[in-house]
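I opened this model to look at its interfaces first and a few single residues afterwards. My entries follow in the order of the look-ups.

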Amino acid sequence: MEGQGLGLDLPTFIGQLVNFLILLAVLTIFGFKPIRKILDERANRIKESMELAEATKKEYEHAQAEVQKRIQEAQKQGEALLTEARSIGERLKEEAKAGARREAQAIIEKAQADLKRDQDKMIDHLRREFAGIAILAAEKVIHETLDKQKHLRIIEETIRESALGKKVN
Amino acid sequence: MDNQEEKTSGSNLKKIAIAVGIILLLLTLISFVGSNVGAMIFKTKALSVFAVGKPHVVLPAEMPFHGVHLSNTMLTSFITILILMLLFISAARKIKLVPSGLQNFVEFFYESLANFIEDTAGTEYGRKFFPVCATIFLFVLFNGWLSLIPGFETIKFNGEPLLRNPNTDINVPMMLAVISFCFVEYWGFKAHGLNYLKKFINVGALIQGFKEMFAGQVKTGLNNMIMGLVSFFTGILEILSEFIRLISFTFRLFGNMTAGMILVMVAIFLVPWVLPSVFYAMEAFFGFIQALIFSGLTLCFLVLAIMSHEEEAH
């Protein structure tokens, strides 16, 4: 046979074919498939974690910006509040000052008015008292002729009657 | 000072290299003089250490077991298959997301091969072609490299070598060629259905031409008939090339591997020491290259088969 020189041999050929097919099947099922799976899984995992990291970073940046914005807002608000409070305080102080001044003024005025009234009353009283005494003294002078001693006594009597006598009463 | 040290260490290295070179050269010469060939030239008696038997080339695989139809190449391919299975199963058995040790190595192997295949055939088809291409690659590679283990072909049983590179047995390359051929045709039909046959039996234009001839359009009909004849013959050439692939696949691997085997044999016979190492290194390289060529060509033919004919025509 022609093939004999080369060593062509059908049983060996078929045997090798079976060998190869078994190798192919075993490697595919027990070798290539699990490895492919794990490689894909790893690639996926890496991709996922990278995406996650990217997302986290973005989120963080977003949060950072948000915080910054909030802080600025709060600062602005605080400043506004402070200015307002200061102005309110100023106003209150002014008001308080004005009120106190007004009150003091009122008290002084009232005190003055009272004083004046008392004074008037006193003067009035004195005047009346004095007029009475004078009248009394005049009556006595008119009623009696007087010598010097009598005169003095009369005056004294009159005074006693008017002021002291009343007090005794 | 560092510079000086470097210089001295450099010159030391140089000295060592020269010494090793001289020793190797001496060993080469001694082994040559002491070998059978040297004895013939110098008319001395060959030293038994260097007296290697005259190489005799046997193309058919030897059958070391009398009465049992089991060739030494078959035995070796059992070993190859066993090694490959053990390698992949043990790597994939305790497979983890974070690889370590053997899994790392096998994954590296897998990924390099997968990248090569997917670059050529695209990811979708690459994954489908991978098992066959990779198994062919691994089988051819390990067959070739296994036979480079020292002492591999010198273990004798019943006067015949017990083990022999399966790639040097014509049945193995032919088997691989048939596998490759069948796989290619399978994918051709799978991708195009019966249209795949149009690549080989192309009579559409010819019939069109006949029709036009009978309809009276002589000029266009004649034109189409000529074009039809051309495409018909192209189809026949395609059929031929499909089968020629089988032969070229077979004999490329068989020829290269057998030539390598003979080369090493002759080198050992002529100069038993040192020189064969060079050929061993070359064989290691050729074993890899042949494995790559076999699987790479299978891949190319697969890609050609799944490509649409229109695309191919451009």
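How many salt bridges does the rule find across the interface of chain A and chain B? I found 3 salt bridges there, a salt bridge being a side-chain nitrogen of Lys or Arg within 4 Å of a carboxyl oxygen of Asp or Glu.

**Ground rules.** I note that this is a predicted model, where local features need pLDDT of at least 70, side-chain atom pairs count only at pLDDT 80 or more, and totals for chains, interfaces and linings use all residues. Residues are numbered from 1 along each chain as its sequence is written, chains are lettered from A and ligands numbered from 1 in the order in which they are written, and side-chain values use heavy atoms, with hydrogens and water left out.

**Chain A against chain B.** I looked up one of the salt bridges. A:Asp40 pairs with B:Arg127 in it, and their closest N and O atoms are 3.0 Å apart. I then took the polar contacts (pairs of N or O atoms within 3.5 Å; within protein, one must be able to donate a hydrogen and the other to accept it, and residues adjacent in sequence count only if both atoms are side-chain atoms). Between chain A and chain B, 7 residue pairs are in polar contact, both residues at pLDDT 80 or more. On the side of chain A that touches chain B, I have 18 nonpolar, 9 polar and 6 charged residues. In this scheme Ala, Val, Leu, Ile, Met, Phe, Trp, Tyr, Cys and Pro are nonpolar, Asp, Glu, Lys and Arg are charged, and the others, Gly among them, are polar.

Next came the extent. Chain A puts 33 residues in contact with 46 residues of chain B, contact meaning heavy atoms within 4.5 Å. The buried area between the two chains is about 3,500 Å². That is the accessible area (1.4 Å probe) that two parts lose on being put together, summed over both. Carbon and sulfur atoms give 76% of it.

**Inside chain B.** I moved on to the domains, whose bounds come from an automatic or database domain assignment. Domain 1 of chain B covers 1-51 and domain 2 covers 58-313. Domain 1 brings 10 residues to the contact and domain 2 brings 6 residues. Their C-alpha centres lie 41 Å apart.

The area buried between these domains is about 750 Å², with 81% from carbon and sulfur atoms. Which helices of domain 1 of chain B each supply at least two residues of the side that touches domain 2? They are α1 (2-34) and α2 (36-42), helices being DSSP runs (H or I, at least four residues) numbered from the N terminus. α1(B) gives the most, with 5 residues. I count 6 nonpolar, 4 polar and no charged residues on that side of domain 1. The rule finds 0 salt bridges across this domain interface.

**Single residues.** B:Ser231 sits in helix α7 (residues 218-270) of chain B. Is B:Ser231 buried or exposed? It is buried, at a relative accessible area of 18%; buried means under 20%, exposed over 50%, partly exposed in between (1.4 Å probe, protein chains only). Leaving out residues up to four places away in sequence, B:Ser231 touches B:Asn202 and B:Ala205.

B:Ile239 is also in helix α7 of chain B. B:Ile239 is partly exposed at 33% relative accessibility. Its C-alpha atom is 8.6 Å from that of B:Lys199, 40 residues apart along the chain.

I closed with B:Val274, in the loop between α7 and α8 (275-306) of chain B. B:Val274 is not a glycine, yet has a positive phi of about 65°. Most residues other than glycine have a negative phi. At 27% relative accessibility, B:Val274 is partly exposed.
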